[in-house]
Amino acid sequence: MITVHHLNESRSQRILWLLEELEVPYEVQFYFRDPHTKMAPAELQRVHPLGKSPVITDDGRAIAESGAIIDYIVRRHGGDRLRPDPESKDYDEYMHWLHYAEGSASLPFIMLPIANSFGKLATPLRRRVDYELGLNLRYINERLRGREFLLGAALTAADVQMSFVGELAVNFADVSTLPDLAAWVARFQARPAYKAAIDRGGPYGLARG
Ligand SMILES: N[C@@H](CCC(=O)N[C@@H](CS)C(=O)NCC(=O)O)C(=O)O
């Protein structure tokens, strides 16, 4: 059985959501951030040397990095659900979103609090962060125009992987000119499986509903 090593208020929430969507049984091992540093506890390094969340264990192995975890769960436990046919062009798009989330889109959100913590000293950095935020969020918004989900009418695991970026956007960026992105976040957060994952994982401040 899959164990999700779940850090509170973190990216591992989306792994719980994916497992709920797929109705795959799983166990949750809870870890809590240090209240001052917000870092994960050292015991998570005993599961995987990076000590970050998410990490899952399954079949005697630890798998880290959300995109790799999502790909693993969908391939090994998902049947043919929540992903396009691997021979289709849609699958190439699907892989783009699966990699893009952590490879590019989340970086400006990591830089934002760092830039803010330096105040005026960080003005050049803040300018660059704002530029990257705008560029990426407009790109996601454009993609969602006329689509319910990133690949079209049906939710895929790419939406699950991208959900964290969407949630950061509606909580920490100005989305007043990004209605398609905001509607997509509201749409996926209303799903029963999303809510079941929060019941299982505990409070999650990025959820709006
Ligand atoms: N790109 C990695 C990021 C992992 C990551 O930084 N996770 C954060 C939680 S959102 C974490 O573990 N933070 C606690 C820490 O760095 O100690 C992934 O998507 O899995």
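A molecule is taken to sit in a pocket if more than half of its atoms lie within 2 Å of the grid points of that pocket. The views below come from a predicted model.

**View 1. The ligand in its pocket.** By that criterion, the ligand sits in the largest pocket. Around the ligand there are 13 residues, and those that come nearest are A40, K52, S53, E65 and S66.

**View 2. Polar contacts to the ligand.** Two oxygen contacts can be followed here: a polar side-chain atom of K52 lies 2.5 Å from an oxygen atom of the ligand, and an N or O atom in the side chain of S66 is 2.4 Å from an oxygen atom of the ligand. On the nitrogen side, a nitrogen atom of the ligand has a polar side-chain atom of E102 at 3.0 Å. The protein buries 85% of the 510 Å² that the ligand exposes when taken alone.

**View 3. The salt bridge between E102 and R11.** E102, whose side chain also has a polar atom 3.0 Å from a ligand nitrogen, meets the side chain of R11 in a salt bridge with an N to O distance of 2.9 Å. This pair links distant parts of the chain, since E102 belongs to helix α3 (residues 89–105) while R11 is in the loop between β1 (2–7) and α1 (13–22), the two being 91 residues apart. The model's count of salt bridges comes to eleven.

**View 4. Backbone geometry at S53, P54 and E65.** S53, one of the residues that come nearest to the ligand, is joined to P54 by a cis peptide bond with omega near 10°, and P54 lies in the loop between β2 (26–31) and β3 (55–58). E65, also listed among those nearest residues, has phi near 85°, which is a positive value in a residue other than glycine. The position of E65 is in the loop between β4 (61–64) and α2 (66–77).

**View 5. A nonpolar patch on the surface.** The side chains shown belong to L107, I110, I114, F118 and L121, which form a nonpolar surface patch with about 520 Å² of accessible area together. Of this group, F118 is placed in the loop between α4 (107–117) and α5 (123–144).

Conventions
Residues are numbered from 1 along each chain as its sequence is written. This is a predicted model: local features need pLDDT of at least 70, side-chain atom pairs count only at pLDDT 80 or more; totals for chains, interfaces and linings use all residues. Side-chain values use heavy atoms; hydrogens and water are left out. Patches are made of residues with over 30% relative accessible area and no salt bridge: like charges are joined within 9 Å, nonpolar side chains (Val, Leu, Ile, Met, Phe, Trp, Tyr) within 5 Å. Accessible areas come from the Shrake-Rupley method with a 1.4 Å probe; for residues, only the protein chains shown count as cover. A salt bridge is a side-chain nitrogen of Lys or Arg within 4 Å of a carboxyl oxygen of Asp or Glu. Helices (H or I, at least four residues) and strands (E, at least two) are DSSP runs, numbered from the N terminus. A residue is near a molecule or strand if one of its heavy atoms lies within 4 Å of it. A polar contact is a pair of N or O atoms within 3.5 Å; within protein, one must be able to donate a hydrogen and the other to accept it, and residues adjacent in sequence count only if both atoms are side-chain atoms. On a 1 Å grid over the protein atoms alone, a cavity is a set of points where a 1.4 Å probe fits but cannot get out, and a pocket is an open set with protein on both sides within 12 Å along at least five of seven lines; lining residues have an atom within 4 Å of a point.
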